[in-house]
Amino acid sequence: MNQPDVMILDNVSKGFGEDWDRETVVENLSLTVKRNQLTAIVGPSGCGKSTIVNLLAGFELPDQGTITLDGKPVTGPSKNSLVVFQETALMPWLTTYQNVVFGPELRGDMPKNELKAAADKMIETVGLREFRDKYPLQLSGGMQRRAELARALINQPLVMIMDEPFRGLDAMTRQLMQEFYMRLCEQESRTNVFVTSELEEAIILADSVVVLSNKPASVRELMQIDLPRPRNLDMLSSPEAYEYKRYAMEILHEEALKSFKGTDTSSDFLEAYTRRA
Ligand SMILES: Nc1ncnc2c1ncn2[C@@H]1O[C@H](COP(=O)(O)OP(=O)(O)OP(=O)(O)O)[C@@H](O)[C@H]1O
Ligand SMILES: [Mg+2]
């Protein structure tokens with residue numbers, strides 16, 4: 001129980017397709033996810049981030065290398081490692097409350113009273129008390145993301161894996177969600193893996209940031225983020241945050257140049273990273 005590393009990926013490779021046109025998407029990737037920390041994984045679009053998420057969650061198995069969760073090999077999906085996806089997975093015909101209790105009810109692993117109390121508390125935590133009995137379509141984008149979080153958190157997973165959960169939200173809602181999520185993580189210790197293509201989001205949320213190479217994805221750099229807690233978005237303008245950003249940008253720039261050598265697409269790619277600067 002005391003081991004600090006919850007998940008260990010050791011030299012993991014994964015490819016898709018038949019022999020003749022097999023494409024390696026993840027190559028010799030090694031990383032550890034520390035208990036009660038937020039590990040952000042940042043990498044360019046299409047580099048293999050969701051493939052890594054699928055491997056972590058046991059939806060896919062590695063071709064080579066090993067993945068362990070709490071010392072045991074990951075051989076398939078488990079309620080100990082749950083994923084929150086970019087697209088909402090809320091069921092439109094169920095209310096917020098019904099969506100939150102859906103998983104545990106299906107598994108029948110929680111007494112009814114306990115489940116009801118836990119669900120109401122979770123809905124309160126994500127600030128949706130007044131929207132407990134509303135349907136997803138009656139919620140704003142940000143509220144849907146929070147309902148999604150409640151739905152995952154009620155299962156008390158050992159590791160929460162988030163695959164670009166705030167992608168697609170408008171800039172203002174995205175910032176509000178970042179702040180909300182920051183608070184949530186600081187109030188209750190959790191082990192999180194947060195995948196994003198936004199460098200600033202990674203830096204402000206994380207205890208450590210894993211910078212991926214371009215496809216095939218492997219670890220290019222591991223940065224410890226020593227910004228104080230509690231954090232707020234203003235800290236992104238601090239010299240320390242600026243230095244993290246500059247350093248990671250340099251690496252991402254190199255990766256961009258590698259993949260777009262000879263084209264001018266690399267400037268579009270970089271623009272995506274500097275947009276919020
Ligand atoms: N099941 C699959 N079968 C074949 N190819 C796949 C499969 N899953 C992913 N790929 C390929 O792996 C590469 C990386 O995809 P992945 O979705 O992991 O990237 P990503 O970094 O999450 O991208 P995005 O930024 O669009 O979310 C892509 O070239 C994709 O075509
Ligand atoms: Mg993806």
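Colleague: Before we start, what does "buried" mean here?

Modeller: A residue counts as buried if 20 or more other C-beta atoms lie within 10 Å of its own. Keep in mind that we're looking at a predicted model.

Colleague: Okay, so what makes you call strand 9 mostly covered?

Modeller: Strand 9 covers residues 208–212, and four of its five residues are buried. Those four reach the cut-off of 20 or more C-beta atoms within 10 Å, so "mostly covered" fits the strand.

Colleague: Which strands pair with strand 9, and in what sense?

Modeller: Strand 3 (residues 38–42) pairs with strand 9 in the parallel sense, over four bridges. Strand 10 (residues 219–224) runs antiparallel to strand 9, and five bridges join those two.

Colleague: How do you know that these count as pairs?

Modeller: Two strands pair if DSSP finds at least two bridges between them. Strand 3 and strand 9 have four, and strand 9 and strand 10 have five, so both meet the cut-off.

Colleague: Which residues could I click on to see that?

Modeller: Try threonine 39, whose bridge partner in strand 9 is serine 208. Isoleucine 41 stands opposite valine 210 in strand 9. On the strand 10 side, leucine 212 has valine 219 as its bridge partner. Strand 9 and strand 10 also form a hairpin, with six residues between them.

Colleague: What's the strand order in the open sheet?

Modeller: The six strands go 6-7-8-3-9-10, with mixed pairing.

Colleague: Why do strand 6 and strand 10 stand at the edges?

Modeller: Strand 6 (81–84) and strand 10 each have a single partner strand, so one side of each is left without a neighbour in the sheet. From one strand to the next, the twist averages 20°.

Colleague: Which helix packs on the sheet?

Modeller: That's helix 7 (residues 239–259), touching strand 9 and strand 10. Its direction makes about 175° with that of strand 10.

Colleague: Now the helices. Why are helix 2 and helix 3 called oblique?

Modeller: The axes of helix 2 (residues 96–107) and helix 3 (residues 112–125) come within 10 Å and cross at roughly 135°. Roughly antiparallel needs over 145, and roughly perpendicular means 65 to 115. The value of roughly 135° fits neither, so the two helices are oblique to each other. The crossing is right-handed.

Colleague: Which residues meet there?

Modeller: Among them are Tyr97, Val100 and Val101 in helix 2, and Leu115 and Ala119 in helix 3. The contact residues divide into eight nonpolar, one polar and one charged.

Notes:
Residues numbered from 1 in each chain as written. Chains lettered and ligands numbered in written order. Predicted model: local features only at pLDDT ≥ 70, side-chain atom pairs only at ≥ 80, totals over all residues. Axes fitted to C-alpha atoms, helices over the stretch in contact; angles between N-to-C directions. Parallel < 35°, antiparallel > 145°, perpendicular 65-115°, else oblique. Left-handed = near helix turned anticlockwise from the far one by under 90°. Contact = placed C-beta atoms within 7 Å. Nonpolar A, V, L, I, M, F, W, Y, C, P; charged D, E, K, R; others polar. Buried ≥ 20, exposed ≤ 12 C-beta atoms within 10 Å, placed from the backbone.
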